[in-house]
Amino acid sequence: MKPALKSAEEETRLRDWLTARGEPAFRFGQVQSWLYRRYALGFDRMVNLPLSLRRELADRWQAFSLVLEQELSAPDGTRKFLFRLADGACIESVLIRSGKRTTACISTQAGCPVGCVFCATGRAGFVRDLRTAEIVDQVVFLCNALNERVRNVVVMGMGEPLLNLSELIPALECLCDPGRLGVGDRHVTVSTSGIVPGIIELARFRRQWNLAVSLHAATEALRRRLIPAGHRHPIAEIADACRTYRAETRRIVTFEYVLLAGINDSDRDCRALADLSRGVGAKVNLIPCNRTEGRFLSPPRSRIDRFAAGLRYAGIAVSVRQSRGQAIQGACGQLHRVFAGSSGQTPED
Ligand code: SF4
């Protein structure tokens, strides 16, 4: 299999190869410009390069590492893409438009080893970590689809990003490099289910990336029901790690809280979440459950409003996420499951 070009190692190889071939010094910059400024998905697009050079490049490297399998568009403008990777694994990316704001929601793993019980990806199991190029290429593709630079990136698609930090960090550095995709640090949000060592390691980079922690429960007993033991960390340790992240980066942490009717939406749950959020200085983003199989349902609007009001009354900054892309299986993992079902393929195939 040809190596994907979007990694520091392969870029060095490319530069050396161009030099050894006697190409002018600007050639490397031309290729980079096509890859990151004009979102080229193949060397054939690079028309200011000699044809023979384009062919030789294509023989040696992949300019783009994903194959689009399916695209769905929702009436609200949300577009969802299913990609197949070189080894056959599938991932999803979502392009969300809200007014002039464009946001890319990207995956970091094929499947997910955490296995949250309410999540389609978690139920489908884990396949593998994504490579740096496969993470970057999702954003490149969405820029190409949009024909302009994506301004915001949320790492909230398939997978647990902090279990793939060694590939995620170079990908984020590439996305935020002003000479490449130029996304502002403060326009990147990394979402974790609460992987404590990963939060602490991410804090050490002292970048201005936003951290969102998908808490979903403010008590250990409830969290045990929602997240299997393998990758579940104690709430007190998550809170400490969030305080470290805040101290190192000066960024406010967000607690993501999927509201599940009759499970984590009581007044008592609200008080526990308020206490925890106050202790960390976190704001809260409430996410009405996106129905995936009918086992979990969103609470009625009146209960969501009461829960939000309870947090506000306790002095916590709170927002309620607008559900987008429901017509196209907007929650992570749903499109993949529909596709896998129709093609007879599963992540384990
Ligand atoms: S919610 Fe996130 S961490 Fe949990 S199983 Fe789904 S993708 Fe993994």
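The following exercises, each with a worked solution, concern the fold, the domains, the ligand shell and selected residues of a predicted model.

Residues are numbered from 1 along each chain as its sequence is written. Because the model is predicted, local features need pLDDT of at least 70 and side-chain atom pairs count only at pLDDT 80 or more, while totals for chains, interfaces and linings use all residues.

**Exercise 1. Overall fold**

Task: Determine how many helices and strands the protein has, and how its radius of gyration stands against the globule rule.

Solution. Begin with the secondary structure, in which helices (H or I, at least four residues) and strands (E, at least two) are DSSP runs numbered from the N terminus. The protein contains 12 helices and 12 strands. Its radius of gyration is 21 Å, close to the 20 Å that the globule rule gives for 349 residues, so the protein is as compact as a globular protein of that length. Here the radius is taken over C-alpha atoms, and the rule is 2.2 Å times the number of residues to the power 0.38. Next, take the extent: the C-alpha trace spans about 70 × 45 × 40 Å along its principal axes. Of the 349 residues, 44% are buried; a residue is buried if 20 or more other C-beta atoms lie within 10 Å of its own, exposed if 12 or fewer, and partly exposed in between, with C-beta atoms placed from the backbone. Finally, consider contacts, meaning pairs whose C-beta atoms, placed from the backbone, lie within 7 Å. Among contacts between residues at least 6 apart in sequence, 68% join residues at least 24 apart.

**Exercise 2. Domains**

Task: State where the two domains lie in the sequence and which residue classes form the side of domain 1 that touches domain 2.

Solution. Domain 1 covers 8–60 and domain 2 covers 67–343, with bounds from an automatic or database domain assignment. Their C-alpha centres are 34 Å apart. Domain 1 gives 4 residues to the contact and domain 2 gives 6 residues. On the side of domain 1, the residues are 4 nonpolar, no polar and no charged. In this classification, Ala, Val, Leu, Ile, Met, Phe, Trp, Tyr, Cys and Pro count as nonpolar, Asp, Glu, Lys and Arg as charged, and the others, Gly among them, as polar.

**Exercise 3. A helix pair**

Task: Describe how the axes of helix 9 and helix 10 cross and which residues make the contact.

Solution. Helix 9 (residues 235–249) and helix 10 (residues 267–280) have axes that come within 9 Å and cross at roughly 35°. The axes are lines fitted to C-alpha atoms, for helices over the stretch in contact, and angles run from 0 to 180 degrees between N-to-C directions. Helix 9 contributes Ile235, Ala239, Cys242 and Arg243, and helix 10 contributes Leu276, Gly279 and Val280. By class, the contact has 5 nonpolar, 1 polar and 1 charged residues.

**Exercise 4. The ligand shell**

Task: Identify which residues come nearest to the ligand.

Solution. There are 13 residues around the ligand, of which Cys112, Val114, Cys116, Cys119 and Gly122 come nearest. A residue belongs to this group if its C-beta atom, placed from the backbone, lies within 6 Å of the molecule. The shell divides into 6 nonpolar, 6 polar and 1 charged residues.

**Exercise 5. Positive phi**

Task: For Asn147 and His216, decide whether each is buried or exposed.

Solution. Most residues other than glycine have a negative phi. Asn147 has a positive phi of about 60° and is placed in the loop between helix 5 (132–146) and strand 7 (152–155). Asn147 counts as exposed, because it has 8 C-beta neighbours inside 10 Å. His216 has a positive phi of about 65° and is placed in the loop between strand 9 (210–214) and helix 8 (220–226). His216 is buried, because 27 other C-beta atoms lie within 10 Å.

**Exercise 6. Two strand residues**

Task: For Leu95 and Asp129, find which residues each one touches.

Solution. Leu95 is found in strand 3 (residues 90–98) and is buried, with 24 other C-beta atoms within 10 Å. Not counting residues up to four places away in sequence, Leu95 touches Arg79, Thr102, Ala104, Leu142, Ala145 and Leu146. Asp129 lies in strand 6 (residues 126–129) and is partly exposed, with 19 other C-beta atoms within 10 Å. With residues up to four places away in sequence again left out, Asp129 touches Gln109, Asn164 and Glu167.

Key:
Two residues are in contact if their C-beta atoms, placed from the backbone, lie within 7 Å.
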